[in-house]
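Student: I'm new to this one. Can you walk me through its aromatic rings?

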Amino acid sequence: FWNADGALVGFDIELAHQIADVLGVKVEFVPVAWPDVPGVLRSGLIDVMPGVWYRPYWFSSLRLSQPYMTGTMAVVTRDERRHEFATIDGVRRLRGLRGGVPLDTTQIASTLSRYFGSSDAVFVPLASASAFFEERGDDLDAYIMPAEAAAAETLLHPEFAVVVPQPNPVRVPFAFGVALDGEDLADAINQWIVFADSEGAIPRAYDYWVLG
């Protein structure tokens, strides 16, 4: 997000700066919509996309680095309704639920099955989390996304709360995405991930930006 000084900051932003430093280049951030990511990587408009989930949705259209973080899938809902989503049993008892999901339902099918079971919940694909927080939060009951990213969104939209249904929530690995033919760049990023994780750079950034 943009801080009070007008600087773009956050967990993935800090990691991108570190990767650029190692590669000896200057980082530039370009706004893109998630559905456009494979195309803008292929065209060279961007070289790297952080925060890509390891899901079959992406496998045929971009190359993924090894994971640099494992997130936890959460439910975002109005703050006054957070208790309704505290347990998986409670979520499965809800009736007539309308929820938002990123991009499409196939990439998080395991999450929907785990949290909602065979309930009659209906899910609406949204192009981005901001579509829920800024446009659809009044007509949808919840939005499904990783808790780590949701925590940042709820700082800007405190009327919403992040809930991780218990027990045994779904976990999802995060990777950097590059173009399908970007094997050399992916190899360089993989080497950086091993170094940064062992040296503590990734855990330190996670502690600061995600855990606060």
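Tutor: Sure! One term to start: buried means under 20% relative accessible area, exposed over 50%, and partly exposed in between (1.4 Å probe, protein chains only). This is a predicted model, where local features need pLDDT of at least 70, side-chain atom pairs count only at pLDDT 80 or more, and totals for chains, interfaces and linings use all residues. Residues are numbered from 1 along each chain as its sequence is written, and side-chain values use heavy atoms, leaving out hydrogens and water.

Student: Is Trp209 buried, exposed or partly exposed?
Tutor: Look at its relative accessible area, which is 28%. That lies between the 20% and 50% cut-offs, so Trp209 is partly exposed.

Student: What kind of pair do Tyr208 and Trp209 form?
Tutor: Rings of Phe, Tyr and Trp (its six-membered ring) pair if their centres lie within 6.5 Å; planes under 30 degrees apart are stacked, over 60 edge-to-face, and the rest tilted. Here the centres are 4.8 Å apart and the planes at 85 degrees, so the Tyr208 and Trp209 pair is edge-to-face.

Student: How many aromatic pairs does the structure hold?
Tutor: Counting ring pairs by that centre cut-off of 6.5 Å is the way to go. The total comes to 12.

Student: And what is the angle between the planes of Trp34 and Trp58?
Tutor: These two rings sit 5.9 Å centre to centre, and their pair is tilted. The angle between their planes is 55 degrees.

Student: Which residue of that pair is buried, Trp34 or Trp58?
Tutor: Trp34 has 26% relative accessibility, so Trp34 counts as partly exposed. At a relative accessible area of 3%, the buried one is Trp58.
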